[in-house]
Structures are given as structure tokens and as C-alpha cells.
Amino acid sequence: MKKTTKITLLFLILLISLVTIRLVFLYHQPHKDMTQEIASIKIASEDLLKDFQEDESLANTIYLEQITQVQGTITAIENNTEEVVIVLSEPDSFGGIRCHISPEEYTKVSALTTGQQITIKGICTGYLMDVVLVRCVLIP
Amino acid sequence: MKFFLITLCFVFCIKTIEAQDKFLTKKGQISFFSSASAEDIKADNKQVLSIINSSTGDIAIAILMKSFMFQKSLMQEHFNENYVESDKYPKAIFKGRITDFETISSTNTSTTVVGDITIHGVTKALSITTNIKRTNDQILLMGNFPISLADFDIKIPSVVINNIAETVDVRFELAHELYTK
């Protein structure tokens, strides 16, 4: 075999293995660690709800899949099923922010009570009757 | 004054009747399974909104596509960006009716739900057999049905043809509670 062919072959093998390693890493890439991620949007719960109620499609372009940090008053804590949800809203408003809590944070929820002001960070997935945030973590 | 009181009473009655008419859940669960030769894929959505009007048996379900959680983040990214295009079509909707709704009791019975389902901007008629049971303050609806990706114009690139099934199995469990607000 010619020397150049050898080098080319070696180079090709190296390239293929690098690509494979990269693909395997990409395939097994973990989900974002929400405690480490920095929120791209910081907003009060009533403003976030208002944005969705006024123009849902516009709000979708702004908030969908964004790590959103929301400050608001707890109006309900639902932890009777396997899912733990904290609802942030104004006392008299129709609709609110439903924050689905990450399982790692469940122990912190027991210390919370309704009426309390909290800040929560989660991924916005859209608006049904309420704005939905998933994989939420509490911010002290 | 009497007229006013009667009207008020009437309005109030209507309001209470209306309030008793709705069963609702905001945390219904829908999962789907794709079983292909190369791998099995499962995704869960636990933020499903479903409303049943108990005077008519009408049911409306809304799902946020971005709320489907996958085991691998890459799968979730591909699902949202390439397959269901959830930026363009953020919701899946089902509107229909539970047949023989008035006969449903607290024992688990089988009934058919018929209606229209919209996924990826495509609407199809759907008729599925479900398990249902109803108590004073809860309606539990559960079952499963297949969805053909091609029916909803969801294209799977040939590169991953061995990884994604052409038909996925959808399972749902919706525990509606009497809506009192």
C-alpha cells in the first residue's frame, strides 16, 4: 500500500470513530439540570398569565421551552397524587401558573403554605386554562 | 323588588346547576409508546386538561405537545422540532362525546368515545373503546388506542426508520373531579 493511501485510511478511521463517539454522547445527553440552568426570563406570575390571556400565539413565541423564573403567591399546593403541583395566582383571578415540581424538590414543598410568596424556575410548555411550567425548582 | 329577587334566585340556581355540570382534570396523564426494531420509546404527559359536561356527556381534551417528557433529551428535541413541530402546533385537541353517558355508574364499564382529534394541524375522526366509572365527585376515564403517524402527516426520515414505529400506542388516564369553582 502506498504511504498516502495508508495515511488517508488512518485519517478516515479516526474521523469515523470521532463522529461515532460524538453521536453516542449526543444520544445519551442528559436533560438540563434545572438547578444549574440560568433563567432566560424573569417575570411576576400575573404578568405571565396576562401575556398568555391577551395573545396566546405571541406569548408562545416568547415563552415556549424557555427557562422562566416566576414570582407569585401560592394559592394551592397539590401533593396528594404522584405529581406535585404548586399553583401561583392572584386570589380573584381565573387561571394561574401551574408549576409541576421536579421530584428532587419534593422535600422542600412540605415547608410551603398557601398565601406565601415564592420564586420558582421551570420550563414553560404553554397555556391551557393556566400557564404550565414543568420540571420546576424552588429558588430560595 | 319581588321580580328582582326571583330573577336573582333564578340566576343563582342556573349558576349552581352549571357548576355541577362540569368534571375537570388539569393533571390527566397521556403516554405514548413506540416499539420499533432498534429501540422502544416512551413519553409521558401529566399536564393534560380534560373537561366533561356531565349533562350531555361531551368531552374536550387539550394537550401541550411540549409537555411530553422523554427519557432522553435528544428524543424530546427531535419529537418537538422535527416530528410534531410543536412551535407551529403547540397543542393536540380532542373534542367528542361519551356514548351512553347516562348509564355510567360507579362500577367500571366499557363505553365508546367518539369525536375529532387534532394533532400536528391535522384533524381526524376517532372512535375508541374506553373504561369509565363515575361516582358523585369523580369520573375516571382510561384506555388506549393506536395512532398512525402518517395519518397526521408526521414524517419520519428514513435514517431513523428502524427507531420509530409507524403506529404508536397512546394510553390515557383521566381522573376528572367535580368542578366547584
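Visitor: How many salt bridges are counted between chain B and chain A?

Guide: This is a predicted model, in which local features need pLDDT of at least 70, side-chain atom pairs count only at pLDDT 80 or more, and totals for chains, interfaces and linings use all residues; side-chain values use heavy atoms, leaving out hydrogens and water. Residues are numbered from 1 along each chain as its sequence is written, while chains are lettered from A and ligands numbered from 1 in the order in which they are written. A salt bridge requires a side-chain nitrogen of Lys or Arg within 4 Å of a carboxyl oxygen of Asp or Glu. Between chain B and chain A, the count is 4.

Visitor: Which three residues supply 24% of the area that chain B buries against chain A?

Guide: Contact, meaning heavy atoms within 4.5 Å, takes in 29 residues of chain B and 28 residues of chain A. The buried area, which is the accessible area (1.4 Å probe) lost by two parts on being put together and summed over both, is about 2400 Å², with 58% of it on carbon and sulfur atoms. No other three residues supply more of chain B's share than the 24% from B:K26, B:K27 and B:K66.

Visitor: Which side chain meets that of A:D130 in a salt bridge?

Guide: The nitrogen and oxygen atoms of this pair lie 3.0 Å apart. The partner of A:D130 is B:K26.

Visitor: Which element gives the largest share of the side of chain B that touches chain A?

Guide: Polar contacts (N or O atoms within 3.5 Å; within protein, one able to donate a hydrogen and the other to accept it, with residues adjacent in sequence counted only if both atoms are side-chain atoms) join 11 residue pairs between the chains, both residues at pLDDT 80 or more. Helices (DSSP H or I, at least four residues) and strands (E, at least two) are numbered from the N terminus. Those giving two or more residues to this side are strand 1 (22-35), strand 2 (40-53), strand 3 (58-64), strand 4 (69-70) and helix 2 (73-83) of chain B. The largest share, 5 residues, comes from helix 2 of chain B.

Visitor: What covers the buried residues of helix 2 of chain B?

Guide: Buried means under 20% relative accessible area, exposed over 50%, and partly exposed in between (1.4 Å probe, protein chains only). The buried residues of this helix are B:S73, B:L74, B:M75, B:Q76, B:F79, B:N80 and B:Y83. Their cover includes strand 1, strand 2 and strand 4 of chain B, together with helix 1 (3-27) of chain A.

Visitor: What is the phi of B:D153?

Guide: Most residues other than glycine have a negative phi. B:D153 is found in the loop between strand 8 (138-148) and strand 9 (167-178) of chain B, and its relative accessible area of 41% makes this residue partly exposed. Its phi is positive, near 60°.

Visitor: Is A:T68 buried or exposed?

Guide: A:T68 is found in strand 2 (residues 67-78) of chain A. Beyond four places in sequence, A:T68 touches residues including A:I41, A:I43, A:L48 and A:L133, and a polar atom of its side chain lies 3.1 Å from the backbone oxygen of A:Q66. Because its relative accessibility is 0%, A:T68 counts as buried.

Visitor: What distance separates the C-alpha atoms of A:D51 and A:M34?

Guide: A:D51 has its place in helix 2 (residues 45-54) of chain A and is partly exposed at 28%. A:D51 and A:M34 are 17 residues apart along the chain, and their C-alpha atoms are separated by 24 Å.
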